[in-house]
Amino acid sequence: MMHDREKSDFSIVAVKSPNKAAQAAAEATERREEAEGNAFKPSTLRTPSRASVTAGLERVRQRARLKKKERFTALLHHVNVDLLRFAYASLKRDAAAGVDGVTWEEYGIELDRKLSDLHARVHRGSYRTQPVQRRYIPKPDGRKRPLGIAALEDKIVQRALCEVLNAIYEEDFLGFSYGFRPGRSQHDALDALAVGIESTKVNFVLDADIRAFFDTVSHDWLLRFVEHRIGDRRVIRLIRKWLRAGVREEDGTVTPTKVGTPQGAVISPLLANIYLHYALDLWAQQWRQRHARGNLIIVRYADDVIVGLEHAADAERFLAGMHERLKQFALELHPEKTRLIEFGRYAAQNRERRGKGKPETFAFLGFTHICGKSRKGDFQLRRKTRRDRMRAKLAAIKLQLRWHLHAPIPEQGSWLKHVMTGYFAYHAVPTNAHALSTFRYFVSQIWLHSLRSRSQRTAITWARMSKLEAQYLPKPRILHPWPNQRFAVQHPRWEPYALIGHVRFCAGGAQ
């Protein structure tokens, strides 16, 4: 039988509405795990608290929208017991424990008393952060990505403070920033990029990769950026504590942190967006308005940046300027992963005219982007699942089946169905049908090999395997609409009936 740890991977995902009260109804929703286990207990219900939390922060949101340069000097009082309870309910139930060894379920025992005590410690200044627990997860290229697992109380306070800070910074962040923001997903970023490339004069693409961004963030610069909008010294003190809490390695040694923000910490994505907002986004917006001679589009998801430009001279100058800009804030572009390529509607024709081969491709958010053609012969941006990502997923499935070689076939089939459904939910975009079929074929082959290795006496025939495939393995089908269709719904101002005059296109909406 499968262990409980693996069974937790089968949790169902539900959908939650975006945080912004003023968002349009067509805006994308943020995915959140469905409540499990002891979620029926009164202490974990979040509907009443959620209503009060939203109402309490709406004034902050409106003030941030009207006063773009105002500093907020009193924010910590918004971190009340209701918000802490909401933050606790928002955490993943099956997440690994930090250095405190406390799990989500264990903390839920006498939750009200613990949250009241935590609230008191936060407000009287006796709350102490704990080092994050270092864990390493394998990357598709064979290297390991370091993650930092915070203690549970640190996660709760960080999640609560994120709610408060989001009310301010969601009014400041620019439209082309998509990573880890409420109501914005990876597919929103992919749609904006696709529409930008297909609808504007993009002839060159800059695929920029910031070297070890989360490990090289300057604490001094980050705190200076935060202080542009946050004047509450208690909030600044909390952020400084988390940044300098240190890291406990797997061998038990604790290393102090002088730079960087741990990947995996609840507040790290927001801090990363704040850092890049001031270090990159505002500069890129200004450069486009003042220096670009042609069209320029930008899509940023966390530290992954894609820039589309019309002219080669603009592309070269933007890349050089980006190097200098990031250098001012202790960041640098990865020399091997940052590329400037010819890409766009006329790239194939221009390269053929010069006697060169097909345009190069680039990867973004798990998809390889390719200059292709539609059935009518028009330009079409084709997106296919990255091969290395698919191979890594198949290898993980193979290893999981090996660990549970003798689990009942229905249990294996149900698990594979769950895994494939989740895989298709993300990768089932138009022009990617062949990759989906390939994935299903290899999953079937891996399962067949696993079943045949269970015993030398009983062989799984092709006829029986075909029945198992039909019963458990979902057939691939396209689940996502074409990018321009979904983008038009979420940004109706770009439609002809929106009655907006000529403006320069910016992937992600107007600024």
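# Notebook: helix packing, a cavity and two backbone outliers

I began with F180, which I found in the loop between α6 and α7 (186-199). The model I am reading is a predicted one, and in it F180 has a positive phi of about 55 degrees although it is not a glycine. I then looked up T431, which sits in the loop between α15 and α16 (433-452), and noted for T431 a positive phi of about 75 degrees, although this residue is not a glycine either.

**Entry on α6 and α10.** From the loop that follows α6 I went back to the helix itself and looked up how it meets α10. I noted that the axes of α6 and α10 come within 12 Å and cross at roughly 135 degrees. Angles over 145 count as roughly antiparallel and 65 to 115 as roughly perpendicular, so α6 is oblique to α10. I recorded the crossing of these two helices as left-handed. On the α6 side the contact is made by D154, V157, Q158, L161 and L165, and on the α10 side by V235, L238, I239 and W242. Sorting the residues of this contact by character, I have 7 nonpolar, 1 polar and 1 charged.

**Entry on the cavities.** I next turned to enclosed space, and the search of the whole structure gave me 7 cavities of 30 Å³ or more. For the largest cavity I wrote down a volume of about 90 Å³. Which residues lie nearest the centre of the largest cavity? They are V132, Q158, W242, P262 and A265, out of a lining of 14 residues. Two of these names I had already met, since Q158 of α6 and W242 of α10 also take part in the contact between those helices. I checked which helices contribute, and α6 (152-169), α10 (233-243) and α11 (268-290) each supply at least two residues of the lining. The lining of the largest cavity divides into 9 nonpolar, 4 polar and 1 charged.

**Entry on α3 and α5.** I looked up helix α3 (residues 81-90) against helix α5 (residues 111-124), and found them packed at an angle of about 120 degrees, with their axes 9 Å apart. The two helices are therefore oblique to each other, and α3 passes α5 in a right-handed crossing. The contact draws on V81, L84, R85 and Y88 of α3, which meet L111, D112, L115, S116, L118 and H119 of α5. By character I noted 6 nonpolar, 2 polar and 2 charged residues in the contact of α3 with α5.

**Entry on α15 and α17.** The last pair I looked up begins with the helix that precedes the loop of T431. Helix α15 (residues 409-427) packs with helix α17 (residues 462-472) at an angle of about 50 degrees, and I noted their axes as 9 Å apart. How are α15 and α17 set to each other? With angles under 35 degrees counted as roughly parallel and 65 to 115 as roughly perpendicular, α15 and α17 are therefore oblique. I recorded their crossing as right-handed. The residues in contact are I409, P410, G413, S414 and K417 from α15, together with R464, L468 and Y472 from α17. The contact of α15 with α17 divides into 4 nonpolar, 2 polar and 2 charged residues.

Conventions:
Residues are numbered from 1 along each chain as its sequence is written. This is a predicted model: local features need pLDDT of at least 70, side-chain atom pairs count only at pLDDT 80 or more; totals for chains, interfaces and linings use all residues. Side-chain values use heavy atoms; hydrogens and water are left out. Axes are lines fitted to C-alpha atoms, for helices over the stretch in contact, and angles run from 0 to 180 degrees between N-to-C directions. Helices (H or I, at least four residues) and strands (E, at least two) are DSSP runs, numbered from the N terminus. A crossing is left-handed if the near helix is turned anticlockwise from the far one by less than a right angle, and right-handed if clockwise. Contact means heavy atoms within 4.5 Å. Ala, Val, Leu, Ile, Met, Phe, Trp, Tyr, Cys and Pro count as nonpolar, Asp, Glu, Lys and Arg as charged, and the others, Gly among them, as polar. On a 1 Å grid over the protein atoms alone, a cavity is a set of points where a 1.4 Å probe fits but cannot get out, and a pocket is an open set with protein on both sides within 12 Å along at least five of seven lines; lining residues have an atom within 4 Å of a point. Grid points are joined across faces, edges and corners, and a volume is the space filled by probe spheres set on the points.
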